[in-house]
Structures are given as C-alpha cells and as structure tokens.
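Let's take a walk through a protein model together. Have the picture open and follow along as we go.

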Amino acid sequence: MSAETAEFPLPRRDALNTPYWQSLEEGHLSFQRCGECGKAWLPPRRECPHCLSPEWRWERAGGQARLVSWVVYHIAYHAAFKDRLPYTVAVVELAEGPRLISNIVGAGDPEVLRIDQDLRLAIEHEHGVAVPRFRPA
Ligand SMILES: [Zn+2]
C-alpha cells in the first residue's frame with residue numbers, strides 16, 4: 001500500500017469517547033476526573049483507573065503540559081505516515097495530571113527536546129479529525 005492510497009487510521013468513536021473528540025473539535029482537550037478520589041485520566045474509560053468508581057465528570061485541560069519521554073520515528077509503521085518522516089511521538093503529562101501519547105510539533109530539530117520541557121497544547125486538524133498535539137512552550 002503506497003502513502004497515496006493508504007487509508008488514514010481514524011479514531012473509533014463510541015458513546016464513551018465521543019465527548020473527548022467533540023471537545024477537541026471545539027478547541028479543547030478534555031479528560032475525566034473521578035468524583036470519589038479526585039484523580040484524573042486519559043484515555044476515556046468507564047471507571048476510575050485508581051479506585052474503580054463509576055462516578056466521574058469531564059474537565060477541560062488548560063493546555064499546559066510537560067514532556068515525559070519521546071522517540072523520533074524514522075520508519076513509517078503505517079503507510080499513511082510515510083510523508084511525515086521523521087516525526088516525534090511523545091508521552092506528555094498535562095498540568096492537571098493525565099498523561100497521553102501525542103506528537104511534538106513545531107520543535108524543528110528533535111535534538112532540542114528535553115525531559116520535563118514545558119509544552120503547550122496545539123490542536124491540529126487532519127483528515128477531518130481534531131488531534132491533540134503539543135509544541136514547545
Ligand atoms: Zn477514583
């Protein structure tokens with residue numbers, strides 16, 4: 001499958017994660033917070049990963065985050081990503097606590113990235129999907 005014909009992998013929406021994707025389309029990154037223990041998390045799930053409570057609510061992230069870890073992809077493991085090589089895949093921790101796997105954009109040379117580096121949310125639109133990415137603050 002060539003990059004031109006590769007189907008872009010789109011997120012599978014369901015009743016649980018639709019508010020997450022909807023929020024991104026509206027320009028916000030949302031996460032869940034437990035109504036029992038107060039812990040926050042991503043990705044969406046039906047119960048708190050810490051205390052298993054089914055009582056939770058959506059909250060909007062402020063957009064501040066830090067870089068936990070990253071790798072630079074020089075090989076496309078999906079044909080749809082061939083044209084963007086090299087690109088950076090990172091574990092990012094929101095100021096509110098949840099971690100997510102994302103991309104770092106706008107950094108130029110990945111060699112400038114540092115552990116704990118301050119990042120800012122940068123929602124990008126791709127193939128009709130609003131995707132949460134991060135750039136150096
Ligand atoms: Zn909890």
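This report looks at the metal site, the pockets and a few backbone oddities.

## First, a word on the model

Keep in mind that what you're looking at is a predicted model.

## The zinc site

Start with the metal. Four cysteines hold the zinc ion through their SG atoms: Cys34, Cys37, Cys48 and Cys51, at 2.3 to 2.4 Å. If you go along the sequence, the spacing of these donor residues reads C-x2-C-x10-C-x2-C. What arrangement do the four donor atoms make around the zinc ion? The angles they subtend run from 105 to 118°, so the arrangement is tetrahedral. For that label, all angles have to lie between 85 and 135 degrees.

Now check how covered up two of these cysteines are. Cys48 has a relative accessibility of 0%, so it counts as buried. Cys51 comes in at 36%, which means it counts as partly exposed.

## The largest pocket

Next, find the largest pocket, with a volume of about 720 Å³. It is lined by 29 residues, and the ones closest to its centre are Trp21, Ile101, Ser102, Asn103 and Val131. Which parts of the fold supply at least two residues each to this lining? They are helix H1 (18-25) and the strands E5 (87-94), E6 (99-104) and E8 (129-136). E6 gives the largest share, with five residues. Sort the lining by class and you get 20 nonpolar, four polar and five charged residues.

One of those central residues deserves a closer look. Ser102 sits in strand E6, and its relative accessible area is 5%, so it is buried; the cut-off for buried is under 20%. The side chain of Ser102 also reaches across to the backbone oxygen of Pro132, at 2.8 Å.

## The second largest pocket

There's another pocket to find. The second largest one holds about 180 Å³ of space. Its lining is made of 13 residues, and Pro86, Tyr87, Thr88, Ile104 and Val105 are the closest to its centre. E5 and E6 turn up here too, with each supplying at least two residues of the lining. By class, the lining of this second largest pocket has six nonpolar, four polar and three charged residues.

## Two cis prolines

Pro86, which we just met by the second largest pocket, has something else going on. The peptide bond that leads into Pro86 from Leu85 is cis, with omega near -15°. Look for Pro86 in the loop between strand E4 (64-73) and E5.

Another cis peptide bond joins Leu42 to Pro43, this time with omega near -10°. Pro43 lies in the loop that runs between strand E2 (40-41) and strand E3 (56-60).

## Two positive phi angles

To finish, here are two backbone angles to hunt down. Asp116 isn't a glycine, yet its phi is positive, at about 75°. You'll find Asp116 in the loop between E6 and strand E7 (118-126). Is Asp116 buried, partly exposed or exposed? Its relative accessibility is 45%, so it counts as partly exposed.

His127 is also a residue other than glycine with a positive phi, near 50°. Its place is in the loop between E7 and E8. At 56% relative accessibility, His127 counts as exposed, because the cut-off for that label is over 50%.

Terms used. Residues numbered from 1 in each chain as written. Predicted model: local features only at pLDDT ≥ 70, side-chain atom pairs only at ≥ 80, totals over all residues. Heavy atoms only, no water. Donors = N, O, S within 2.8 Å, 3.2 Å for Na, K, Ca; no water. Tetrahedral: all angles 85-135°; square planar, octahedral: opposite > 155°, others 65-115°. Buried < 20%, exposed > 50% of the residue type's maximum accessible area, 1.4 Å probe, protein only. 1 Å grid on protein atoms, 1.4 Å probe; cavity = no way out; pocket = protein on both sides within 12 Å on 5 of 7 lines; lining within 4 Å. Points joined across faces, edges and corners; volume = space filled by probe spheres on them. Helix = DSSP H or I, 4+ residues; strand = E, 2+ residues; numbered from the N terminus. Nonpolar A, V, L, I, M, F, W, Y, C, P; charged D, E, K, R; others polar. Polar contact = N/O pair within 3.5 Å; in protein donor to acceptor, adjacent residues only side chain to side chain.
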